[in-house]
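Hi,

Here is the structure I promised to pass on. Have a look at it first, and then read on for what turned up.

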Amino acid sequence: NPLVQVLLTYDDVDYASVITKHPSAPSRILYVRLITGAKSTPVDLLKKATKEVQKQTDTFKKQLKKVLK
């Protein structure tokens, strides 16, 4: 999961994972655990990670369009 991958690069994040009760279940749970004394909140880090994933996706789309022309 790209979001989890980005979250795990942050120093304040101790653990991040997407949890499913069953592989065919439609719902997923994003679990984020921060280190003791973290300077950021989980919501702040999630917003930051979401922006980073969007940036990576946009970059990928641009590169793909360039190659496919």
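S17 counts as buried, because its relative accessibility is 18% and buried means under 20%. Keep in mind that this is a predicted model. You'll find S17 in strand β1, which covers residues 13-19. What does S17 touch, if you skip residues up to four places away in sequence? The answer is V4, I29, L30 and Y31.

One of those contacts, I29, is worth a second look. I29 lies in strand β2, and it counts as partly exposed because its relative accessibility is 45%. So S17 is buried at 18%, while I29, which S17 touches, is partly exposed at 45%.

I29 also shows up on the surface. Together with Y15, I19 and Y31, I29 makes a nonpolar surface patch of about 350 Å². Which strands supply the patch? Both β1 and β2 (29-34) do, with at least two residues each. Y31, by the way, is both a patch member and one of the residues that S17 touches.

Now for the charges. Side chains of opposite charge can pair when their charged atoms come close. How many salt bridges does a search of the whole structure find? It finds 1. The partners are D14 and R33, and their closest N and O atoms are 2.9 Å apart. This pair links distant parts of the chain, since D14 sits in strand β1 and R33 in strand β2, 19 residues apart. Are the two partners buried or partly exposed? D14 is partly exposed, because its relative accessible area is 43%. R33 counts as partly exposed too, because its relative accessibility is 38%.

There is something to see around the rings as well. The charged end of K48 sits over the ring of Y10, 4.6 Å from the ring's centre. Searching the whole structure for aromatic pairs turns up 1.

Last stop: T9. Its place is in the loop between α1 (2-7) and β1. T9 is exposed, because its relative accessible area is 56% and exposed means over 50%. How far apart are T9 and A49 in space, C-alpha to C-alpha? They are 9.5 Å apart, although 40 residues separate them in sequence.

If you want a route through the model, try S17 in strand β1, then I29 in strand β2, then the D14 and R33 salt bridge, and finish at T9 in its loop.

Cheers

Definitions and conventions
Residues numbered from 1 in each chain as written. Predicted model: local features only at pLDDT ≥ 70, side-chain atom pairs only at ≥ 80, totals over all residues. Heavy atoms only, no water. Helix = DSSP H or I, 4+ residues; strand = E, 2+ residues; numbered from the N terminus. Buried < 20%, exposed > 50% of the residue type's maximum accessible area, 1.4 Å probe, protein only. Contact = heavy atoms within 4.5 Å. Phe/Tyr/Trp six-rings, centres within 6.5 Å; stacked < 30°, edge-to-face > 60°. Lys NZ or Arg CZ within 6 Å of the ring centre and 35° of its normal. Patch = residues over 30% accessible without salt bridge, like charges linked within 9 Å, V, L, I, M, F, W, Y side chains within 5 Å. Areas by Shrake-Rupley, 256 points an atom, 1.4 Å probe, with all protein chains shown as cover. Salt bridge = Lys/Arg side-chain N within 4 Å of Asp/Glu carboxyl O.
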